[in-house]
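Subject: Structure handover

Hello,

Here is the structure you are taking over. My notes on the strands follow below.

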Amino acid sequence: MQNKEQLKSGNDILEKIRKILPDLPGRMRQCGEFIVSHHDQIAFSTVAEISTMANVQPSAMMRFCSQLGLSGYSEMQKIFRKEVSKAAPDYATRLSNLQAKGDLSASKLLAEFVEAGRFSLEKMTSEINIKNLDHAVDLLARTEMIHIVGYRRAFPIASCLSYTLEKLHVPNICHDDVGKVSKYSAIRDGDVVIAATFAPYTAGTIEFVEKALEKGATVIALTDTEISPVNMDGVILLKVVDVDVGDFRSLSASINLAMALAVSVGNAREQI
């Protein structure tokens, strides 16, 4: 058996699974087939969640990880998470990639960001789930308290939402990670949470959504794909994708969605 030190990447794991898959017994084969088909969900799903999706017991999933030569599910998850974090290049690399394309004048970059923003807005307008949007507005208009969370790149979206709602006299709390202290105790049963996160997803936002659901809150997620880790059972998904310019993503579509959501909520509360 290949020892665990040799499984250093997601590709190593998938290659190992494909190699041993034909000789595996029923449950182990079921675990392997699921991981190969859904490996993009490993990084942000617990062993219980993955096992439920694969229709096996968590103990079976743990045995499968051991059969791969890993210490357990957490080690496999750590490997896939590391690859997610590497997926987005650092900002120095992004700038180098843009420079390699030639013209890096301010006017050229401005034109490219405007074009990317235009495309992102048109794509969102044609693809947004109107039913989910209307449902989100109705829930936000009727709740006593709105919690807003969005870290890193999503923080401008969260602060924009909070600022606009405050100006419309809509009670809300914009959560941050200052001091690494999460204010889960502020969430009450019946509250509504707006969570914004985009790949590579922020672990703190994922945890916030999990805690909110445990406390009986409803969650509305602004995210970029149906397989986003915050698209959990019961979460209302509002999908929005901002196009890159040399790996730099603007927030054109995301901010417009946030503004439309906030103003719609302010208007709806006046009608109640």
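Two strands count as paired if DSSP finds at least two bridges between them. The model is a predicted one, and the notes go through its strands by their partners.

Strand 1, residues 146-149, has both of its faces covered. Ile-146 and Ile-148 are buried on one side, and His-147 and Val-149 are buried on the other. In general, side chains in a regular strand alternate between the two faces of the sheet.

Strand 1 has parallel pairings with two strands. With strand 2 (residues 172-175) there are four bridges, and His-147 stands opposite Ile-173 of strand 2. Between these two strands the chain passes through helix 9 (residues 155-167), in a right-handed β-α-β crossover. Four bridges also link strand 1 to strand 3 in the parallel sense; here Ile-148 has Ile-194 of strand 3 as its bridge partner.

Strand 3 (residues 192-196) in turn pairs with strand 4 in the parallel sense, over five bridges. Ile-194 is the bridge partner of Ile-220 in strand 4. The route from strand 3 to strand 4 goes through helix 10 (residues 203-214), and this β-α-β crossover is right-handed.

Strand 4 covers residues 218-223, and five of its six residues are buried, so the strand is largely enclosed by the rest of the structure. Strand 4 also runs parallel to strand 5 (residues 236-239), joined by four bridges. Ile-220 stands opposite Ile-236 in strand 5.

Regards

Note on methods
Residues numbered from 1 in each chain as written. Predicted model: local features only at pLDDT ≥ 70, side-chain atom pairs only at ≥ 80, totals over all residues. Heavy atoms only, no water. Buried < 20%, exposed > 50% of the residue type's maximum accessible area, 1.4 Å probe, protein only. Right-handed = clockwise from strand over helix to strand, strands pointing away.
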